[in-house]
Amino acid sequence: STVRKPTYSDYIIYKDEGAVSIYTIQPQLKDSNNMRSRIVQRPGLVVMEFAPRFTDSRERRFDWKNKQKFTLNVAQCGELVGATEVPLTLTNRGMSSTDAMFRQSELTLSKAVGEQGGFEFSLELEDLGQQEDQRKSKAFVHIPITNGEFAVIRSLLNFTIPYLLAWDKVLQTDGASSLSSSSNTEQSSAEGAAGVSSSSSSSSSSSIPAADIW
């Protein structure tokens, strides 16, 4: 038998100001109490890693050792996919894995300034372990992205959301199919008993919802 090897992939955007790498973390599953099925213990995440550019180098070299992460949950992925107005700011609070500091991170999507258009991602960090009057907020990095790059990001997020919730695994199981079939049968019987006739058609599409921010 062939052993299936894990696949790792990310989408990286390199700019003069810095770089951003985008990748996913799979949802965590656990066995149910009766051990006959699995349930989602923790939904998956999308991680955006920002790295500043070395200012003392003429070449495009990036300081990935001092990168900062911003994790997107399912709802935040939906905010970016369905964004109709900018600026859009997403906020996370938690313990930093690099310096063990309780920190607030703000990821902002805004319109880029200039004739070329496009957008800009900016990441701001604020240490929350100090007194409020002593807290310092600093901009970590600003990275411009083109309309095409933003279209790729939205498409990836739109495609990824069901996988973060493990819906792909649910729909592959026989139990879900039989449950869905049973539910549809019961609904049809109820509608027939009530003398209700209904017809509906739906189409599955991976297209991105139209957004006014373009």
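Trainee: Which pattern does the protein follow, read along the sequence?

Mentor: Start with the order of helices and strands. This is a predicted model. Here the pattern runs β-β-β-β-β-β-α-β-β-β-β-α-α-α. That gives four helices and 10 strands.

Trainee: How do S5 and S6 pair, in the parallel or the antiparallel sense?

Mentor: Look at the bridges between two strands. Strand S5 (residues 45–52) pairs with S6 in the antiparallel sense, over five bridges. Take one residue: Val46 has Leu72 of S6 as its bridge partner.

Trainee: Which residues of S6 are on the covered face, and which on the uncovered one?

Mentor: Read the strand face by face. In strand S6 (residues 68–72), Gln68, Phe70 and Leu72 form the covered face. Lys69 and Thr71 form the uncovered face. So Leu72 has two roles to note: covered-face residue and bridge partner of Val46.

Trainee: What share of the protein's residues count as buried?

Mentor: Buried means under 20% relative accessible area. Of the 214 residues, 29% meet that mark. The accessible surface is about 14,900 Å², and carbon and sulfur atoms hold 47% of that area.

Trainee: How much space lies in the largest pocket?

Mentor: Take volume, then lining. The largest pocket holds about 980 Å³ of space. Its lining has 24 residues; Thr7, Ser9, Thr24, Ile25 and Gln26 are the closest to the centre. Strand S2 (18–25), helix H2 (147–164) and helix H3 (167–170) each give two or more residues to the lining. H2 gives the largest share, six residues.

Trainee: How many lining residues are nonpolar, polar and charged?

Mentor: Count by class. The lining of the largest pocket has 14 nonpolar, five polar and five charged residues.

Methods
Residues numbered from 1 in each chain as written. Predicted model: local features only at pLDDT ≥ 70, side-chain atom pairs only at ≥ 80, totals over all residues. Heavy atoms only, no water. 1 Å grid on protein atoms, 1.4 Å probe; cavity = no way out; pocket = protein on both sides within 12 Å on 5 of 7 lines; lining within 4 Å. Points joined across faces, edges and corners; volume = space filled by probe spheres on them. Nonpolar A, V, L, I, M, F, W, Y, C, P; charged D, E, K, R; others polar. Buried < 20%, exposed > 50% of the residue type's maximum accessible area, 1.4 Å probe, protein only. Areas by Shrake-Rupley, 256 points an atom, 1.4 Å probe, with all protein chains shown as cover.
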